[in-house]
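The following report describes selected features of a multichain model, taking confidence, local elements and one chain-to-chain contact in turn.

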Amino acid sequence: MTFAERMLHIDRRIIFLVIGVCTLLPLLYPVGLAIKVSPEVRGVHDYIESLPEGSVFLLSMDFDPASKPELQPQAVALLRHAFKKNLRVIGMTLWVTGTGLADLVVSQAAQEMGKVNGKDYVFLGWSPGVGSLIITMGQDLYKAFPSDYNNQPTRELAVLKGIQTLRDVNYVVSLAAGTAGIESWYVYGKDKYKFELGGGCTGVIAPGLYPLLRSGQINGLIGGLRGAAEYETLIGQKGRAVAGMDAQSATHVAIIMLVILCNVFYLLIRTSRGQSGQPRG
Amino acid sequence: MPFETLLGAWVATGLTLFIFTFLYQDNPLFKLAEHLYVGVSVGYTIVKVYDTVIVRLLYEPMVNQGDWSLLVPLGIGMLMLARYFPKIAWLSRIAFAFIVGVGSGLAIPRIISSYILKQVEDTVRPLASLASGGGPTFTYNLLDPASNLNALVLLIGVVSVLFYFFFSIEHTGPVRVAARTGILFLMIAFGAAFGYTVMARMSLLIGRFTDLIEFADPRYGRATLWLLLATVATLIASGARRRDHLPGGG
Amino acid sequence: MVTAGCRMLRPLAVLVCLCLFPLTAPEAGAQQALAPPQNLRVIDTPSDSGEGLTVLWARAGYDAPEVRYQILLGDGAEKKMVAEFPADSHYVRDARWPWWTRVDRPDAHQFNLKSGKGLELKNGTPYAVAVAVVKGAERVEAAPVQAVPAPNWVNWNQMNNLLLVLLFGAVVFGSIRAAKRREIFLRRIPGLDAVDEAIGRATELGKPILYLTGAGDMSEPSTIAAAVILGRVAKRVAAYETDLLVPHRDPIVMAVCQEITKQSYLEAGKPDVFREDSNFFITTDQFSYTAAVDGIMLRRKPAANFFMGSYFAEALLLTETGASTGAIQIAGTDSDHQLPFFVTTCDYTLIGEELYAASAYLSREPIQLGTLRGQDFGKAFILVVLALGTLLATVGVLFATDLPMIVLDLFKDLK
Amino acid sequence: MIFLRRQLPLLITFVAGVVFAAQYYVPHPTSELMLTEVTKWLQIISGFALVLGVTSLFQIHAVKIRRKEPGWAYSLILYSGILGTIAAGFSYSFTAGQWVNGKETINGIVTAFGWIYSDMMVPLQGTMFAILAFFIASAAYRSFRARSREAALLLIAAIIVMMGRVPLGEMLLPVSGDVTQWILNVLNAAVRRAILIGISLGAVALSLKIIFGMERAYLGGGKD
């Protein structure tokens, strides 16, 4: 066996190792490669940027642990931005299986930015009925959520002062992993209660949401890990998503290198044998 | 940190690592995770089916709302179980007949609508467009999916691939040329789809790795590090045992 | 009877209109004084599930972007505005109704009112609808017209769909009938020769054969094709007395495949070597099923892996593991999103329709062969439609005419 | 008897097929109601079908355990996984003060069943899925070889699209982003469309044959 032949039949575990290392290293030591920001992500960012201090920002984290890798970085970036702008933040979820995760995300971001529960932000948790819940919130927020996730009566919370219904909310962003999410917030909420709506979603469902963006039903869309990385770039706090995009770059280029290498070896063998390869079926 | 969260972190980390050992070779840890996974998923499905089908779709509407029409699906479902009694096993065919009949009926008009008419409608596009001045022009911006040039490329692609799928005529002469063009289109599309998917798959790996990194934190008792050590040790041990066994016929 | 007659005549009338009044360009810069919208008609929206009304009125000389129409619902003081839009929009031709259901000339205005989004229309209740036109401070209104929304029993918009079903059905059954009378040519499908080769190799090596039927249920064509091919494979396997492993994800498919396998062993004259548990169920969950099948591949080391039917993301997990054990792999799927992975990792892949063709090729039954022939006719028909349609659409743009729509509307997906 | 065994199933298929194909063309609320009702029925029936599968699974592993076949201990693990999850699904949650009944959370409190879901199912599922990342790389290395013109096209398209998707790739080859968009929107769309049209014709033809009793493979067994 020549060297080229041996390289062609290399133990695939070496390839696994290359991919593993190319993923792990950038995650531990992010480089922060420049990322082109798309207008749809800028839409969400610029709207939050334009809100005056003390405006009400509702973040609905409509996903479960399965979509955590893509949507959690989006949630963290949005929360950091909102807290930095001193907005009043309301967190909630339409997905019962995502309640624990959403709570963790909000409280960690708040802790990091030195915000106080009940004064600067509140996490309402989950309540049943997607469409009917949003409609109830549009009529009376306190009827939909009499108490928050920590069983504090919502009426007494300082952060909710002056807020009666969804009409008093300045901006709603839904981070969706499925149909109970951006679409529900549009159909049952925005249409009727006239708040501005933005969205974030997994890469898989993003193409289906672009029509909403084009028609102006949502004013921006953060798509997948890449969208999260763009948002992190915009707020100048490079986090998990930017690191993730570095890992994406590294693994993609690693695979391309591997393919080029394997073709070089293949051509070497072919020229040395002086015969053409067999066509594939 | 609550005990169940901590335990959850350790269990999740352990199972993640056990599955990853599959990349090295088949081993007892992977077998354990694999069988546990099958067991848990079957258990999960049973509970969910009981909760949604038996309780919510059958029992509650029948008993609380008196919707006795649900006896029909209940009966058909029971027929399916007739398979276990050879004498009346043929009864299960009635259930299959119903399921497949409804499925086929539903499929026909919907497939024609969304996979034939819709696709044909989107492919049939004029190869000229109206310029802003009013006269017809040919737009050739490749980046605009709606440009006339792209409409033409799309048409050639669809037509040539369709030619590849002709089975009852010999692929010779012009048909052969069209079918060969179709194969080229197929290959480009397959390559592109492959390259496109890489990102989605890597995202999942990144997700698992960020979890592992998170659980390596002292707050979780450095679960990842300890379990990684234990996993590697087990792999070495089982590898050694396997080598001992090999001379005896593996 | 009278309404049926009207329905027959209406398309004709529309056709005549289309010919007589090809797309007339609106008179540029017509500065006309506002007048109430003319010929206001309100009817129950045809071909719908009820709770809808259609408002129609004539095109006016003052139609321009800065002039606006308002749709008003109710009578007297109770009038409520339900919609407002620029006067140069909402023409009949924009409404995505084909020519055979159009209720007015293409250049008239049409607006559909439907229950929902803050509007409630009840079936059987009469409603008064008026249209107002506004330009700056000027505003004039047409007298309200009453109509009653009602649900309909037939959706005439979708008759082209039904027509295609009937046409295609006739072609398929015609081809089957023809196939019963004489031999039909089928081109060779390269992947199929490999099936016998793979079974032969498994026998030589004394290793089992793994056959997967995919993720679909019994109503999916790919699963049915997979089950039919399993029957052929099982017959060969039975003759060679090789082991067959068929792990399942769908209990019904498992039950059916058990029957099919049993039959194949009977036909091969080897009912004694048939094992009930060669078809077995694992779980419905995608990845735990995959983990289990990967385990089987690594431990039993099958000499040949067959992947037939529909697949999702698990495809690559299965085929790469199979490749690492050195098995011959033959795939056949209509899941277009997984085809790239099968094509790159398997020795042979039946692409899309080839899977169906394979089951016909193997069985050689006139019914199957005839169907394939019928499908070829269907594709030929679609090719003609694509070519002719593109030509007509181009002509439509070049000569600024709506005439090609008479043909093009027939191939639109209408709701 | 022969009628019941052979003709009745075919008759049922025919009637069900024709009725539900026709349903599509009938916009009347009654027809919509019928559709939702029958979809619910199908859901119920498929629930019963699960019994068939689970029995098969139990049987296979019971045999393994009884005969003490190699690896029978893993079958025990599988059994305990099933039983443990079912037990958790129907247990009583003391913190929430009510029966779990297949709910992952009750009033925001995670149940034992929810714990199994998020700390066992999700990581297991996610990791199995993540293994794809490694396999996609090894598959590329093994099979992306320019053996022929077709194979070369495939690998060039794959490389361009991979470049166009990530920041580093766009930096190295700036046009790759645009070319990627074009390949995906135009070439890929054309191919998928043609494949879809082909398989749809096949699917419609098969459904028609099923309804008219020409295709009986789904009933199992040959021609009896």
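The confidence that the predictor assigns to each residue is called pLDDT and runs from 0 to 100, and two residues are in contact if their C-beta atoms, placed from the backbone, lie within 7 Å. With these terms, residues 15-30 of chain C can be described as a stretch in which pLDDT stays under 50, although the model has 20 contacts for it beyond four places in sequence. This is a predicted model, and its scores are ipTM 0.88 and pTM 0.87. For chain C the mean pLDDT is 88, with 92% of the residues at 70 or more. Residues 1-8 of chain C, in turn, have a pLDDT below 50, and this stretch has 0 contacts beyond near neighbours in sequence.

The two stretches of chain C are set out below.

| Stretch of chain C | pLDDT | Contacts in the model |
|---|---|---|
| Residues 1-8 | below 50 | 0, beyond near neighbours in sequence |
| Residues 15-30 | under 50 | 20, beyond four places in sequence |

In chain A, strand β2 (residues 88-93) runs parallel to β3(A), and 4 bridges join the two strands. Within this pairing, I90(A) stands opposite V122(A) of β3(A). Strand β3 of chain A, which covers residues 121-126, is mostly covered, with 6 of its 6 residues buried. Together with helix α5 (residues 99-113) of chain A, strands β2(A) and β3(A) make a β-α-β unit that is right-handed.

Helix α10 of chain A comprises the 12 residues 224-235, and because a rise of 1.5 Å a residue leads to an expected span of 16 Å, the 17 Å between its end C-alpha atoms agrees with that expectation. The helix is also mostly covered, since 10 of its 12 residues are buried, among them the glycines G224(A) and G227(A), as well as R226(A), E230(A) and E232(A). Y231(A) and T233(A) belong to the buried residues of α10(A) too. Just after this helix, G236(A) takes a positive phi of about 70°.

Between chains D and B, 101 residues of chain D are in contact with 100 residues of chain B. On the side of chain D that touches chain B, at least two residues each come from α1 (2-23), α2 (29-66), α3 (72-89), α4 (112-143), α5 (149-165) and α7 (176-211) of chain D. Helix α7(D) gives the most to this side, with 26 residues. By class, the side of chain D that touches chain B holds 73 nonpolar, 20 polar and 8 charged residues.

Key
Residues are numbered from 1 along each chain as its sequence is written. Chains are lettered from A and ligands numbered from 1 in the order in which they are written. This is a predicted model: local features need pLDDT of at least 70, side-chain atom pairs count only at pLDDT 80 or more; totals for chains, interfaces and linings use all residues. The expected span of a helix is 1.5 Å times one less than its number of residues. A residue is buried if 20 or more other C-beta atoms lie within 10 Å of its own, exposed if 12 or fewer, and partly exposed in between; C-beta atoms are placed from the backbone. Ala, Val, Leu, Ile, Met, Phe, Trp, Tyr, Cys and Pro count as nonpolar, Asp, Glu, Lys and Arg as charged, and the others, Gly among them, as polar. Two strands pair if DSSP finds at least two bridges between them. A crossover is right-handed if, with the strands pointing away from the viewer, the path from the first strand over the helix to the second runs clockwise.
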